[in-house]
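Please open the structure in a viewer and keep the selection panel at hand. The tour below proceeds from the whole chain to a single loop residue.

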Amino acid sequence: MTGLRYVYAVCRPFGTPLQAQLTGVGGDPPRLMPHHDLVAVVSHVPEGEFGEEPLRANLEDLDWLTAVARAHQGVIDALTTVTTPLPLRLGTVFRDDSGVRTMIEAREESFTRTLDRLEGRVEWGVKVYVESEREPETPAEPAAKPASGRDYLRRRRMATRSQDDLWQRAETFATQLHESLSGSAEDSRLHAPQNPALSGAAGRNVLNAAYLVPRAGSEEFVEKVETTKDGIPGIRVELTGPWAAYSFAGEETAEKEGS
């Protein structure tokens with residue numbers, strides 16, 4: 001099959017085959033391209049979509065970008081089950097196999113050093129949200145009509161104070177949780193809180209963190225997060241993973257979908 005070379009990740013040689021039905025970007029199955037002591041995971045993509053000019057335009061198309069990101073993530077997820085991949089940026093494309101090999105040679109020392117550091121480790125994501133005002137579980141009686149403007153303002157102040165108190169408790173809880181989880185991880189990263197208008201998640205995000213954890217320690221790490229989930233009413237904890245170690249892989253990588 002002709003076309004440009006789309007590169008998902010670089011890793012060390014591994015013996016376990018990828019899923020037979022696995023397809024990558026554009027529906028083309030990924031293949032392994034060994035070079036020196038590393039392996040690039042690539043597939044063919046059409047120049048009409050991934051050439052320099054069309055790619056620049058397509059990156060502005062949210063539907064196209066979402067489909068590519070999901071296919072890219074699918075390959076990375078499959079790799080994570082059999083090896084330690086170093087994901088490359090979404091849309092990393094080369095003219096031919098020679099271009100991929102040249103890229104590996106140029107970054108070989110950096111790739112090798114990073115893979116040494118990440119070997120046998122995965123990334124877990126933890127987010128903490130202050131939930132929006134929740135609907136009551138049982139129908140409540142209608143609140144009495146304010147007797148005066150002063151009564152109305154007093155109620156508004158009380159509601160605002162209650163919400164402020166919840167946010168303060170959430171920020172304290174998130175700080176303590178991050179310190180606790182960092183103690184169970186080899187490394188951690190604090191990302192900017194997510195914008196709910198972009199993420200679609202309910203509530204205000206007060207913690208958006210990633211943790212680098214040995215595979216062997218993942219069960220203990222997950223259990224530690226699970227025990228905190230129902231700690232404070234109105235505060236929600238979300239755990240995602242295990243991922244390839246996007247947040248710890250260096251400048252060659254991009255953020256995973258949904259981080």
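A residue is called exposed when its relative accessible area is over 50%, and buried when that value is under 20%. These terms recur at several stops in this predicted model.

**Stop 1: the whole chain.** Display the protein chain with its secondary structure, which consists of seven helices and nine strands. Of its 259 residues, 41% are buried. The accessible surface amounts to about 14600 Å², and carbon and sulfur atoms account for 51% of that area. If contacts between residues at least 6 apart in sequence are drawn, 77% of them link residues at least 24 apart.

**Stop 2: the four-stranded sheet.** Next, select β6, β7, β8 and β9. They form an open sheet in the order β7-β8-β6-β9, with antiparallel pairing. The edge positions are taken by β7 (187-190) and β9 (235-243); each has a single partner strand, so one side of each lacks a neighbour in the sheet. On average, neighbouring strands here are turned by 20° against each other, direction ignored. As background, strands of a sheet pair through backbone hydrogen bonds.

**Stop 3: the β6/β8 pair.** Restrict the selection to residues 121-130 (β6) and 204-214 (β8), two antiparallel strands joined by 10 bridges. To locate one of the paired positions, pick Trp124, whose bridge partner in β8 is Tyr211.

**Stop 4: the helix across the sheet.** Add residues 218-226, which constitute helix α7. This helix lies across β6, β8 and β9, and runs at about 5° to β6. Which residues of α7 are buried? They are Ser218, Phe221, Val222 and Val225. Looking down the axis of α7, one finds these buried residues within an arc of 95°, and they therefore line one face of the helix. In general, an α-helix has 3.6 residues a turn, so residues three or four places apart point the same way. Rotate the view to the other side of α7, where Glu219, Glu220 and Glu223 are exposed.

**Stop 5: the loop after the helix.** Finally, select Thr228, in the loop between α7 and β9. Is Thr228 buried or exposed? Its relative accessible area is 16%, which is under the 20% cut-off, so Thr228 counts as buried. Show the side chain of Thr228 together with the backbone of Val225: a polar atom of that side chain lies 2.7 Å from the backbone oxygen of Val225. Then add Phe173, Leu177 and Val237, with which Thr228 is in contact when its neighbours within four places in sequence are left aside.

Note on methods. Residues numbered from 1 in each chain as written. Predicted model: local features only at pLDDT ≥ 70, side-chain atom pairs only at ≥ 80, totals over all residues. Heavy atoms only, no water. Buried < 20%, exposed > 50% of the residue type's maximum accessible area, 1.4 Å probe, protein only. Contact = heavy atoms within 4.5 Å. Areas by Shrake-Rupley, 256 points an atom, 1.4 Å probe, with all protein chains shown as cover. Pairing = 2+ DSSP bridges. Axes fitted to C-alpha atoms, helices over the stretch in contact; angles between N-to-C directions. Arc of directions from axis to C-beta. Polar contact = N/O pair within 3.5 Å; in protein donor to acceptor, adjacent residues only side chain to side chain.
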